[in-house]
Amino acid sequence: MRVLRGLYEGPGSHGILRVAASVEGVQAVLRAYPEEGYFSAIHGALTRSGDPAPVSLSPVGGPGLARDLQEILRRSPDAEAVILVRSEAALLSGEEFSDPVLPESSETGRRPKLVTCPWESPSLREIEAADLALEELVRVHARPQARSLTPTVNIFGPPLFGPGAEEEAREVERLLNLLGIGATRVPLGTSVGEFARLPRAWANIVLYREVGEAATRFLQNEFGMPRVTTPPLGSAGTGAVMRAVGELCSLDAGRVRRTVWAELARTAKLPWYARLAVPETFAGRRAVIFGDFTYALGLGYTLAREVGLEVAWAGTYLSQLEKDFLFQAGTFTEEAFVTDDPDEVAARVEEADPDLIVGTHLEGDVADALGIPFLPLCPPVAQNPFVGKPLMGYSGSSVLADALDGALGNPPREHRRGGKARALGWTEEALEALEDVPAFLRGRTRRLAEERARAAGSPTVTPEILEDSRP
Amino acid sequence: MTILNESGVPDVVSPLHGLSGLAEDLGDALIVVAGTRADLHLSLSLSGPLPGSPAAPAPADAPGLPGVSFVLLEPDERPEGGILTSRIFEVASGSRDVGVVLIVACRSARLLGVDPHFEAELAERRLGGLPVRAIGISEEASAVLSKELVDETLRVLVGLSPRGVSGPEHEEPLPAKAGAKVGARAGFLGRLRGRSGGHGAHDDVFERRPVVLLGGASGSREELASDLRRAGVEVVGSVPADARGGLPGGVPELPVVGEGTVVAVLDPYLVRAARKAEERGAQVVRTLFPIGVDGTARFIGDVVAATGGITSEVVHARQVWEGIEHLRSRIRGKRVFLTGDSGLEIPLARFLANAGAVVLEVGTPRLEKRFLGVELSALGSDVDVVEAPDWRAQLERIEAARPDVVVASPGLFVPLVARGHLCRSSLALLALDPRGYEGARRVLALFAQTFERAEALDALNL
C-alpha cells in the first residue's frame, strides 16, 4: 500500500476494452459494479466518435450475466464477437460463472463468437492485458490463408486512445504504399472479418510492441509469418523498417533505397535539423527519457544517434518488459531502469538535472518545477483528440525536429550541478521538518524553501522559512 | 405522470469523477482515495473535462489532483489494520490547513479487507483529533447517482456540525489534539471547540428557528439566504460552509445542526445528508427544490413556514417570470428529453415543463420516491419518469422521438450529437448552478443560447 500521485497505466480490464473497442464487430461486456461503468464517457471525450462505445455493463449483483447478454445482443444484432471482461473489483469479489452460451443473432441467424480472457487477474495491468486480448482475438479468428498475390503486410499499431494512432498508422501505410505494398491496420479500424484474413499478409510490422507482441508471435508460430519489430521512429528507424519490409516482400533493394532517399529529401526534416543546428546546440547537453517501451527506446536511440544528445538515462513504467527494455536501452545510454512510481522518476530527474526531459504527462510537474524543457512525447498523451501528430515515419521525424528545435533553441540553462556547490545550508531542525514531508513532495518542498531563503537573503533554510514556503 | 422501472443499465458517470472539484468546494478537506489501480485510474481519467462539460480552469501547479491524494492497494496484498492509517498520516502531514480528512474507500479496498471506519478512527487518534471520516458508494443500491459522493460528503459534514447549545458540540467527541502538525485550521478548530455553539449558534435575538442550507453552490446559497432573510428568516450557515469573500469555508465554519434547526435541502440527491440532519433532531423541510421560479418560490415559502413565519412569494415570482419572459419564449413548446444521471433531472424537468417545454422523458438511475415525493407530485401529468433506464433503449427512444434538445449524460453526449441531436450535458447544468431565481434565469439562458447557436450553425452553407 503506497501513496501515488499518478498512474501510468490502468487496470487490465481497461486494456482489454481499448482493444475490443478498436475492432469493428466486437461487443465487449464488462462484468463490473454499477460505479465502474466509465468507459463510454472516456470514449466520448477522447475519440469524439459518433458511435457509442461498444461496451456494455453487466452489473455484478444485477439480473445475471445470461440475461444481460441476451439483452445486449438483442440490441446489437450485428455483433460478430463478444469479449467478456471482468473489472478488478468483480475479480476480487470472487464471483464465478461458467462460460455462457450466446444466443443467435435475430438478424443474421449466426451465433457470435465468445472470447473469454481466462488469464485475467486483478494484478494484470492495462498494457499487458491489451496485448493478450489482441492475441486472443487473433487466435480465435485467424484462419490459414493463401498468401496474397502482391505484397501486403499487417501493421500492428496501438489500440484505441493510442498516441496519434490514426496518423501514425497512416504515415507508415503511406510509406509502404510508396514501395507498392498494401497494408491492413490492426487493431484500430480493422474488423472481425479481417482478423480471419491476417495470415494472407507477407509480414507483420509491429509499430507498438507493447500491444502487438503476443499476437504477432502467435502469427509467427502458427502461420510462419515473419515480423518487423524495429519502431519506425526517427529517420534511421524508419529507414530500417522500410529496408526490412522490402526484403521480406522480396522487393528490389534499389527501389527501396531510392524511395528512402526521396523521402529523406522531401519529407524527413530531422537529418536537416541535425546538420543545420550548430554543434554547440547539442554539445554537452543531456536528455533523459522515460515512459513506455516503443517511444522511450525509439526516441532515445534517435536523440543519441541522430541528434547527438547525451542520453543520461532511459526508463519505462512497463515492468513486464523490463528485461527487453534494459537490453535495448543499453545501445544508447549507460543507465536504464524500470519503476511504476512517478515520484521515483521525479527524484531521478532532479538528481540528473538534464537539459531536456522526454516523457509522459506524469513528468510534466517535475520538469516545470525544475524549469527543464519538457517534451511529452511518450504516450499516453491525449490533449489533441481530433488529430494526433505522428512521431513515426519520415513525417514524424519532422515533427520531432520541430519539437527539439523549440526545446533546445534557447541557450543552455544554468545547471544546478554547478549550483549545488552554492546550495544553501539547512539547519538540523529544518532537515527534520523536511523528513515529515511525504517523499513525493519533498523535492518540491526543498526547492521552494531554498527559493524563499534566497529571496529573504538567508544563508540557511530554517524551519520557519520551510513552513512559510509551503504552498 | 407515470413511473416506469426499466431495470436497465443507465449511463452514469462514476461518482469518482470531479473529486478535485469537490475538494475545492469544501475548503479544508483532504480527500484520500484508497483503492486499487482500477479506482485510481478511474478517478484520474475522469478528472479532465468530459463531453459537454464546460471548460474547467487548468489545475493549480500541483501534482495529481489538488486536494486529493491516492493510496494504491495491490490486489495481492492483504493489508493489516492500521496500514492505511499510516499512509493517511503521511499525506495529512504534508498538507496544510486540513480541517477534515475524508477517506474514499473504494469497493475493491473493502474487498481486500480494508475496514475504512476502523482506519478512520485510528487515523483520527494519530492525527491528534483531526476529524477523519470514511465515505463510500452505497453497496446495496442497484444503481448509482453521479453525485453520490457529494451526498456522502455532506452527510459527514452534517455529522461534524455542532449540535447546538444544549447538546454536545460534535457527534463524536474529538480527542484533544496531541500535536499541531496538521495545520492552522486544526488549531482554529481547537480554539473554536471552546466556544458555546460554534459559528451560527442562535441566541435569543431571533425568535424564529434558524435555517441551515444543505447543498448547492456558494452563489446560489448566498442568493437564497438573501431571499430568506428578506422574508425574515435567520440563515445561520450552510453545509458545506462558506467563508467570507465567497471563499469555501471549513469545518470550523459549519453551523449548528440539531434540535431546533430547520434544514433546507437544495439538491435532490442529498438523501443521506438530509437523513443525517433528521437523525440529529433537525427539521428537514419537505418541499420543492429551489430549481425554477415556482420551485424557488415554494421552497422559500415552505422554509419560512417551517421557521414559524409566513410569506408570500407570489408577487416576486411573477416579477421573476416577467423578467425572464424573453428567455421562456425560447423554450416554450420545445420538446425536451432528459436521460438522467445525477438526480437533478426531476426538478429540472418540472421547471422546464412549467416554463412551457414538453418533457418527453426524464430518466433517473435510482428514484428515492419518499425523498422526492413533493417533486414527483408536482410533475405534470404528461411527464414519463423512467427509473433505471437502459441507455441503448434511451438512444432508440430519442431517435424515434427526435426531441428539440436532450439533456444528456456524458457517455451519451457525443453519440447523440453525432446523430444530429441538440444536446446539453447534465454536467453543464450542474456547473451553471441552477438553483434559485437567478439559477432559473441561467437555466433558461443556457437553453436559449443553445438554440441560438444551433440556428447559427444550421444557417451556415458548408
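**Exercises on a domain interface in chain B**

In this predicted model, the interface of domain 2 of chain B and domain 3 of chain B holds eight residue pairs in polar contact, both residues of each pair being at pLDDT 80 or more.

**Exercise 1.** Determine which helices of chain B supply at least two residues each to the side of domain 2 of chain B that touches domain 3 of chain B, and which one gives the most.

*Solution.* Step one: the helices are H8 (218-230), H9 (271-279) and H10 (293-306) of chain B. Step two: H10(B) gives the most, with seven residues. Step three: by class, this side of domain 2 of chain B has 16 nonpolar, seven polar and seven charged residues.

**Exercise 2.** Locate the two domains in chain B and state how many residues each brings to the contact.

*Solution.* Step one: chain B is divided into domain 1 (19-141), domain 2 (192-311) and domain 3 (324-458). Step two: the contact takes 30 residues from domain 2 of chain B and 25 residues from domain 3 of chain B. Step three: the C-alpha centres of these two domains lie 28 Å apart.

**Exercise 3.** State the area buried between domain 2 of chain B and domain 3 of chain B, and the share given by carbon and sulfur atoms.

*Solution.* The buried area is about 2200 Å². Carbon and sulfur atoms give 65% of this area.

**Exercise 4.** Identify the residues that form the salt bridge across this interface.

*Solution.* Step one: the rule finds one salt bridge between domain 2 of chain B and domain 3 of chain B. Step two: the side chains of B:Arg435 and B:Asp267 meet in a salt bridge, at 2.5 Å from N to O. Step three: this distance satisfies the cut-off, within 4 Å.

Methods: Residues are numbered from 1 along each chain as its sequence is written. Chains are lettered from A and ligands numbered from 1 in the order in which they are written. This is a predicted model: local features need pLDDT of at least 70, side-chain atom pairs count only at pLDDT 80 or more; totals for chains, interfaces and linings use all residues. Side-chain values use heavy atoms; hydrogens and water are left out. Domain bounds come from an automatic or database domain assignment. Contact means heavy atoms within 4.5 Å. Buried area is the accessible area (1.4 Å probe) that two parts lose on being put together, summed over both. A polar contact is a pair of N or O atoms within 3.5 Å; within protein, one must be able to donate a hydrogen and the other to accept it, and residues adjacent in sequence count only if both atoms are side-chain atoms. Helices (H or I, at least four residues) and strands (E, at least two) are DSSP runs, numbered from the N terminus. Ala, Val, Leu, Ile, Met, Phe, Trp, Tyr, Cys and Pro count as nonpolar, Asp, Glu, Lys and Arg as charged, and the others, Gly among them, as polar.
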